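Colleague: Could you take a close look at one part of this model for me? I'd like the strand at the heart of my question walked through slowly, with some context around it.

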Amino acid sequence: MSTLRFDPHRAFARSDGRSDPTSGLTPEHGVTDAEFAALAGPVERAVREMIDERCLCSLRPAQVEARRAQGYDIDASFLDVPGALLDDHAGRRPVIPLPSSLSAVLFLADEVRKRVAEVDAFVVLGIGGSFLGASALMNAFAHPFHNELPVDQRGGGPRIYFAGTTIDPVDHRSLLDRLGGKFLLNVISKSGTTFETAAGYRVLRKALIDRGVKPEELSRYIIGVTGAGPRSVLQKLAAEPHKEMRLLMMPECVGGRYSVFTPVGLLPAAVAGVDVLSLLRGAAEMTERCLEPDMNANPAAHYAAVHYALYQKGCHIRVLSMWQKRLEAIGWWYDQLCAESLGKKGLGPTPLTSVCTRDLHSRGQQHQQGLYNRAITNLIIERDEPVFYAGTDKARPTGAALELPGVPQDLTEKDGLDGYRHLAGKGFDVFNKAARSGTNAAYRDDDRPMADIILPDASEHTIGGLMQMLMIATVIEGKMLGINPYGQPGVEAYKRNMMLRLKG
Ligand code: PA5
């Protein structure tokens, strides 16, 4: 099993030399050694505060509500969820209460996968934090053309669609056209009150009934995931007398965008054939590393410190640059995590996901020569080796050797063609590496701040660690900025205005 090598000394170390690969801050980026060293104290305070809040998470639900009423924000359970799920699964006592176990998630995922001959489509309905984590995992690990492949080539799982991320009728209508017949529905809403999800649920539920599912059979087709809050309609729909869905519950004190390692992200991932145990192990191990108060020994703290320093120097745009297209949705997930957590009180960086080399032909110009207001972080996978669908010997596609074919000899000699003749036989991984190194060198020559997150591979274990590290870093950075990284009070304004306009 791989370990996530997010070595702060390499990944975000301050590099005075101009060796490649470059990473981290140099004084040319406007952050002096002394300024950076001075962040050690604020980082340590932020980490300790996060740990203190974590301790509140083992309270009982009534105590949690009481603390909330006193103004405490205790959504820090995401720190403990991966380890708690694994402990519980292994028969050990979990450190926080778990309303739904990992076994329950795996049981339902297995059932969905076994029904693939009968119902070959699994629709995940949710928005924001109830969508982006699952979509990131699906994109990172499933075949990019998953839904177009025959079942044996997609690891034995059903086709997977995401719904409810807009209120554009074309989205719903076209999905229903594509689905054709019956489907399995996974409706996810922590609050159980989100309009987009509620509207999508009505449309998809009606489609199931129109397609021959009897109301009393609905629970064979619908799995809900929700929180324990009293307003969640999903809880009511799962209970007597409706009983129209089976339910997985989110642990208390986990916010939507921090919920990827709860049933919110784990059920769709397990249905897609992702090894969720390995994912959770990576996340749990990363948590342990990120509780260290010393920023030089804590990857998340180091990430937060570097980005905080750059933000203070005017790098208000934060580019996460992916060199594998299948990681783009992890970037979108981070966009939400960063924007909704830190975009408060007139502060906060603007996150931007970029895929290279695609975006070097669009945004690249601006990154290179536009305003000096951005920090660029490359996400680098050192060994892009085959990863297998959980429980099968089927490998997903990876960066395994693809060589550049030559062109006919006569044409080459006659025209000189495009000057790429000497590259025939070289691997695309070599091109990707050269493009990255060339891009880094160009940024460096123009003193554009950048850093590298270096991952050993793209396995579940590694990606689990990466996502947990980014969540922890976001909390630490929020605390350094004096922002509550949990909650999203600003989003409520549009909802309120929208409902005022819809009042009967
Ligand atoms: O991060 C968050 O909390 C939000 O983005 C929510 O996930 C999003 O608004 C959806 O909420 P819910 O899961 O309650 O439907």
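**A close look at β1**

Modeller: Sure. The chain has 19 helices and nine strands, and keep in mind that this is a predicted model. Of the 504 residues in the chain, 53% are buried. Contacts between residues 24 or more positions apart make up 74% of those with a separation of 6 or more. The accessible surface is about 22,000 Å², and carbon and sulfur atoms account for 54% of that.

Now to the strand itself. Is β1 enclosed or open? Strand β1 covers residues 121-125, and five of the five are buried, so the rest of the structure largely encloses it. You can see this on both faces: Ala121, Val123 and Leu125 are buried on one side, and Phe122 and Val124 are buried on the other.

Which strands does β1 pair with? One partner is β2 (residues 159-163), parallel to β1 and joined to it over five bridges. If you want to trace that register, start at Ala121, whose bridge partner in β2 is Arg159. Then go to Phe122, which has Ile160 as its bridge partner in β2. Strand β2 is itself largely enclosed by the rest of the structure, because four of its five residues are buried.

Another partner is β3 (residues 184-189), which also runs parallel to β1, here over four bridges. For an anchor point on that side, use Leu125, whose bridge partner in β3 is Val187. Leu125 belongs to the β1 face it shares with Ala121 and Val123.

As for the connection, β1, helix α7 (residues 132-141) and β2 make up a β-α-β unit, and that unit is right-handed. So when you look at the parallel pairing of β1 with β2, α7 is the helix in the unit with them.

Since you'll probably look at ring contacts too, here is what turns up elsewhere in the chain. The count comes to five aromatic pairs. One of them is Phe78 with Tyr258, a tilted pair at 4.9 Å centre to centre with 40° between the planes. Phe78 sits in the loop between α4 (61-69) and α5 (81-89), while Tyr258 sits in the loop between β5 (246-249) and α11 (263-271), so this pair ties together parts 180 residues apart in sequence. Both Phe78 and Tyr258 are buried. They also form one aromatic cluster together with Tyr486.

Another pair is Phe428 with Phe431, edge-to-face at 5.4 Å centre to centre and 70° between the planes. Why is their spacing about one helical turn? Because they are three residues apart in helix α17 (residues 428-445). Phe428 has 39% relative accessibility, so it counts as partly exposed. Phe431 is at 22%, so it counts as partly exposed as well.

Two arginines are worth a glance on the cation side. Arg115 lies over the face of Tyr221, 5.1 Å from the ring centre. Arg448 lies over the face of Tyr372, at 3.7 Å from the ring centre.

Back to your strand, then: β1 is buried on both faces, with parallel pairing to β2 and to β3.

Key
Residues are numbered from 1 along each chain as its sequence is written. This is a predicted model: local features need pLDDT of at least 70, side-chain atom pairs count only at pLDDT 80 or more; totals for chains, interfaces and linings use all residues. Side-chain values use heavy atoms; hydrogens and water are left out. Helices (H or I, at least four residues) and strands (E, at least two) are DSSP runs, numbered from the N terminus. Buried means under 20% relative accessible area, exposed over 50%, partly exposed in between (1.4 Å probe, protein chains only). Contact means heavy atoms within 4.5 Å. Accessible areas come from the Shrake-Rupley method with a 1.4 Å probe; for residues, only the protein chains shown count as cover. Rings of Phe, Tyr and Trp (its six-membered ring) pair if their centres lie within 6.5 Å; planes under 30 degrees apart count as stacked, over 60 as edge-to-face and the rest as tilted. A charge sits over a ring if NZ of Lys or CZ of Arg is within 6 Å of the ring centre and within 35 degrees of the ring normal. Two strands pair if DSSP finds at least two bridges between them. A crossover is right-handed if, with the strands pointing away from the viewer, the path from the first strand over the helix to the second runs clockwise.
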